[in-house]
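Student: I would like to work through this structure with you, taking a few local features before the overall form of a chain. Could we start as soon as it is in front of us?

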Number of protein chains: 2
Amino acid sequence: VTAAGVVIGNEILTAKVEDLNGPYLIKRLRERGVPLRLLIVVPDEVDAIVDAIVRARRSASHVITSGGIGPTHDDVTVRAVAMALARPVVRLPEMEAMVREHYGAKATPEAMRLADAPQGARLLRQEGVWYPVLACEGVFMLPGVPSLFRLQLEAVLGELQGEPIALRILFVSHGEPEIAGALDAVALSRPEVSIGSYPQFDRALDFKVKVTIEHKDPAVVEEVAARITALLPPGAVLRTQ
Amino acid sequence: VTAAGVVIGNEILTAKVEDLNGPYLIKRLRERGVPLRLLIVVPDEVDAIVDAIVRARRSASHVITSGGIGPTHDDVTVRAVAMALARPVVRLPEMEAMVREHYGAKATPEAMRLADAPQGARLLRQEGVWYPVLACEGVFMLPGVPSLFRLQLEAVLGELQGEPIALRILFVSHGEPEIAGALDAVALSRPEVSIGSYPQFDRALDFKVKVTIEHKDPAVVEEVAARITALLPPGAVLRTQ
């Protein structure tokens, strides 16, 4: 189980609104133990969204979109997802009934667009929101309004079972050029372990590089941490976390 | 002139570090009047980066990358950009001299990797950073450390001349289903004008939808704002900004 996120929003790319959904998605997927392989922010344009969805589906088993769900001309996500999946857009009778019930007298012809979905889409109901998540071939279409996105994301996460990842951080007193050889040697021999190296240049801090080691098996993480520590000069690892 | 951003960082996708460079890039490009067409966050993996660079180059005239610049095994941006541009990676004598000068006795063989670049790359010098921006076929490779990214981004922005975009915001008292017809009509007849519709569901606020109208010509923006206002019920536009 892996995920990719597609954030649809001119308002984000044009700096009118800060993207809250991307960072929230990153955090919740991590808590759930689902690896996020890709996050793309695209404008509200069908071609750009189709391209992003196709690419996201190649990178991950599940795709979560944010934004472009609604009755106005700039809400083109359903159409774009349908195109990316080579399915027609159809009006779902079950959704039509929901839209009529929600809007009552205000159920304009434009409001009824909310009843459209890629053919074959499933509806994921979530308490507290009248509008369900549309899901089709592993693509989950969520609204961009952050409060709604957060609520509906829980319905999606309920379907994704991840596995926790063990993490060890080494704080190292030497710079990257000096430790790169040791990291190389270990990284090459253990390609299945994710080893990250993050320099920092603030002299007020005592360490120069933060080395992260990740794998689902905590024993593997500790073994790799010990190997890296042994290859570095004595005392170079100031502390671990 | 258009831009696309590629943020390279496992640490961001795994929620260990919040992405500061993406939001900063969005803000500075907007201030500069350069439209951002795409922002992608990918892991530190050559294939994923190559794919993102290729896609970014299809969407925009200039691509700015963040991260993966450095001497360690997870710094693969230069190699990936070279692959995306179908160029070999070469060691630049001019960069070799810079690396030797900067690191002195600590110029390990791994440090010398900082002298590698896609063949034909230009160096953009920036005051306050010893390491230049590498630029090749409109791809600008910036480091991920936020303080360095910000400094070096200014060198890139110096090469990108955008044009300011006029923006008018209408605060509307009616919901999207009720105003979608009016927005449709205007948006269809003026496809060159960017019209956005952003609902909000907080009842403490007096408006239900924020409509944004953007174009480089302020007169066009005002004309479209007036047309939308005229098509909505009297008094529906509470105020403009």
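Student: Which residue with a positive phi follows helix 4 of chain B?

Tutor: The model is a predicted one, in which local features need pLDDT of at least 70 and side-chain atom pairs pLDDT 80 or more, while totals for chains, interfaces and linings use all residues. Residues are numbered from 1 along each chain as its sequence is written, chains are lettered from A in the order in which they are written, and side-chain values use heavy atoms, without hydrogens and water. Helices (H or I, at least four residues) and strands (E, at least two) are DSSP runs numbered from the N terminus. Most residues other than glycine have a negative phi. Helix 4 of chain B is followed by a residue whose phi is positive, near 55°, and that residue is Ala86(B).

Student: Why is helix 4 of chain B described as largely enclosed by the rest of the structure?

Tutor: Buried means under 20% relative accessible area, exposed over 50%, and partly exposed in between, with a 1.4 Å probe and protein chains only. The buried residues of this helix are Thr77(B), Val78(B), Ala80(B), Val81(B), Ala82(B) and Ala84(B). Helix 4 of chain B, residues 77–84, is therefore largely enclosed because the buried share of its residues is 6 of the 8.

Student: Is Ala86(A) buried or exposed?

Tutor: Ala86(A) is found in the loop between helix 4 and strand 4 (89–91) of chain A, and its phi is positive, about 55°, although it is not a glycine. With a relative accessibility of 73%, Ala86(A) counts as exposed.

Student: What is the relative accessible area of Glu137(B)?

Tutor: Glu137(B) also calls for a look at its backbone, since phi is positive there, at about 50°, although the residue is not a glycine. Its place is the loop between strand 7 (133–136) and strand 8 (139–142) of chain B. Glu137(B) is partly exposed, and its relative accessible area is 39%.

Student: With which side chains does the side chain of Thr72(A) make polar contacts, including that at 2.5 Å and that at 2.8 Å?

Tutor: Thr72(A) lies in the loop between strand 3 (62–66) and helix 4 (77–84) of chain A, and it is buried at 2% relative accessible area. A polar contact is a pair of N or O atoms within 3.5 Å; within protein, one must be able to donate a hydrogen and the other to accept it, and residues adjacent in sequence count only if both atoms are side-chain atoms. By that criterion the side chain of Thr72(A) is joined at 2.5 Å to that of Asp74(A), and at 2.8 Å to that of Asp75(A).

Student: Which residues of chain B does Thr72(A) touch?

Tutor: Contact means heavy atoms within 4.5 Å. Leaving out residues up to four places away in sequence, Thr72(A) touches Arg113(A) and, from chain B, Glu176(B), Ala180(B), Leu183(B), Asp184(B) and Ser197(B).

Student: What is the radius of gyration of chain A?

Tutor: The secondary structure of chain A comes to 8 helices and 12 strands. The chain is more spread out than a compact globule, because the globule rule gives 18 Å for 241 residues and the computed value is well over that. The radius is taken over C-alpha atoms, and the rule is 2.2 Å times the number of residues to the power 0.38. For chain A the radius of gyration is 22 Å.
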